[in-house]
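The following exercises are to be solved with the sequence and the coordinates at hand. Each task is followed by a worked solution that proceeds step by step.

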Amino acid sequence: MKAAFLDRDGVINEKAPEGEYIARWEEIRFLPDAFSAVSALARAGFKIIVATNQRGVALGKVRSVDLEEIHRRMREEFSRQGIVLTGIYVCTHDYADQCSCRKPQPGLLIRAAAEHGIELPSSWMIGDATSDIEAGKRAGCRTARILIAGSREEADSRADINSPNLAAAVERILQCSSVNRSTNA
Ligand SMILES: [Mg+2]
Ligand SMILES: [Zn+2]
């Protein structure tokens with residue numbers, strides 16, 4: 001079984017302004033291509049797993065109960081679109097906690113893989129930050145970096161693919177998977 005590990009903020013929903021945190025469901029704005037792109041991954045046989053750093057909890061800016069509510073309603077919203085979220089894995093720690101789950105550490109991905117029988121080498125980590133790509137690489141996944149159009153950040157050469165948005169990333173991932181299928185056949 002393979003998985004698509006998705007970062008949350010900046011991939012599925014709009015990220016909060018720099019230094020701010022999404023603290024309530026009402027603040028979630030899904031990105032326009034989120035459901036169709038994730039649905040395409042699911043149809044291609046990827047389990048969909050969200051892996052997100054939410055340091056705002058450690059900082060006291062996001063309440064755990066509200067974070068759980070956000071993720072419960074996020075699952076419902078995906079479910080309404082016919083998409084099963086296999087898991088939402090969250091690191092709520094701060095840097096000083098020195099945990100093994102805050103991306104770029106691979107802990108969330110490794111735990112999700114163990115709990116759901118995921119083969120990491122055939123899985124992808126999709127994120128908009130270098131820490132997402134680093135976590136994916138350390139876990140042994142392939143990686144896709146989303147660089148918002150107009151961003152001055154250069155394409156991250158460490159990622160296997162770089163794309164301007166989730167839909168474009170998914171298109172490339174599905175091409176890669178079908179190439180691998182035919183060469184392995
Ligand atoms: Mg992000
Ligand atoms: Zn952690």
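**Exercise 1. The sheet**

Strands β1 and β2 are joined by five bridges and pair in the parallel sense. The model is a predicted one.

*Task.* Establish the strand order of the open sheet and identify its edge strands.

*Solution.*

Step 1. Begin with the pair just named: A3 has K47 of β2 as its bridge partner.

Step 2. Turn to β4, which pairs with β1 in the parallel sense over three bridges. Here A4 has W124 of β4 as its bridge partner.

Step 3. Continue to β5, which runs parallel to β4 and is joined to β4 by four bridges. The partner of I126 in β5 is A144.

Step 4. Assemble the order. The open sheet has six strands, arranged β3-β2-β1-β4-β5-β6 with parallel pairing. Its edge strands are β3 and β6 (161-163), each of which pairs on one side only. On average, neighbouring strands of the sheet are turned by 20° against each other, direction ignored.

**Exercise 2. The chain as a whole**

*Task.* Describe the succession of elements and decide how compact the chain is for its length.

*Solution.*

Step 1. Count the elements: the chain has five helices and six strands.

Step 2. Read them from the N terminus, which gives β-α-β-α-β-α-β-α-β-β-α.

Step 3. Compare the radius of gyration with the globule rule. The chain has a radius of gyration of 16 Å, close to the 16 Å that the rule gives for 185 residues, and is therefore as compact as a globular protein of that length.

Step 4. Add the dimensions and the burial. Along the principal axes, the C-alpha atoms fill a box of roughly 50 × 40 × 35 Å. Of the 185 residues, 37% count as buried.

Step 5. Examine the range of the contacts. Among those between residues at least 6 apart in sequence, 60% join residues at least 24 apart.

**Exercise 3. Helix α3**

*Task.* Determine which residues of α3 (107-116) are buried and what covers them.

*Solution.*

Step 1. List the buried residues of α3: L108, L109, A112 and A113.

Step 2. Look down the helix axis. The buried residues of α3 fall within an arc of 130°, so they line one face of the helix. On the other side of α3, A114 and E115 are exposed.

Step 3. Identify the cover. The elements over the buried residues of α3 include β1 (2-6), β2, β3 (85-91), β4 (124-127) and α4 (130-139).

Step 4. Place the helix on the sheet: α3 lies across β1, β2, β3 and β4, and runs at about 145° to β3.

Step 5. Inspect what comes after the helix. G117 follows α3 and has a positive phi, near 60°.

**Exercise 4. Helix α4 and strand β4**

*Task.* State which residues of α4 are buried, and which way the residues of β4 point.

*Solution.*

Step 1. The buried residues of α4 are D132, I133, E134, A135, G136 and A139. They pack against β1, α3, β4 and β5 (142-146).

Step 2. After α4 comes G140, with a positive phi near 90°.

Step 3. In β4, W124 and I126 point one way, whereas M125 and G127 point the other way, and all are buried.

**Exercise 5. The nonpolar core**

*Task.* Which residues have the most contacts inside the largest nonpolar core?

*Solution.*

Step 1. The largest nonpolar core has 41 residues, and those with the most contacts inside it are A4, F5, L109 and I126. Strand β2 (46-53) gives the most to this core, with five residues.

Step 2. Follow I126 beyond its neighbours within four places in sequence: I126 is in contact with A4, F5, L6, D7, V11, A144, I146, L166 and A169.

Step 3. Relate this to a general tendency: in soluble globular proteins, nonpolar side chains tend to be buried together.

**Exercise 6. A loop glycine**

*Task.* Is G10 buried or partly exposed?

*Solution.*

Step 1. Locate G10 in the loop between β1 and α1 (34-43).

Step 2. Apply the count. G10 has 17 other C-beta atoms within 10 Å and is partly exposed, since a buried residue needs 20 or more.

Step 3. List its contacts. Not counting residues up to four places away in sequence, G10 touches K15, D128 and I146.

Technical notes
Residues are numbered from 1 along each chain as its sequence is written. Chains are lettered from A and ligands numbered from 1 in the order in which they are written. This is a predicted model: local features need pLDDT of at least 70, side-chain atom pairs count only at pLDDT 80 or more; totals for chains, interfaces and linings use all residues. A nonpolar core is a set of buried Ala, Val, Leu, Ile, Met, Phe, Trp, Tyr and Cys residues joined through C-beta atoms within 7 Å. A residue is buried if 20 or more other C-beta atoms lie within 10 Å of its own, exposed if 12 or fewer, and partly exposed in between; C-beta atoms are placed from the backbone. Helices (H or I, at least four residues) and strands (E, at least two) are DSSP runs, numbered from the N terminus. Two residues are in contact if their C-beta atoms, placed from the backbone, lie within 7 Å. The radius of gyration is taken over C-alpha atoms; the globule rule is 2.2 Å times the number of residues to the power 0.38. The arc is that of the directions from the helix axis to the C-beta atoms. Two strands pair if DSSP finds at least two bridges between them. Axes are lines fitted to C-alpha atoms, for helices over the stretch in contact, and angles run from 0 to 180 degrees between N-to-C directions.
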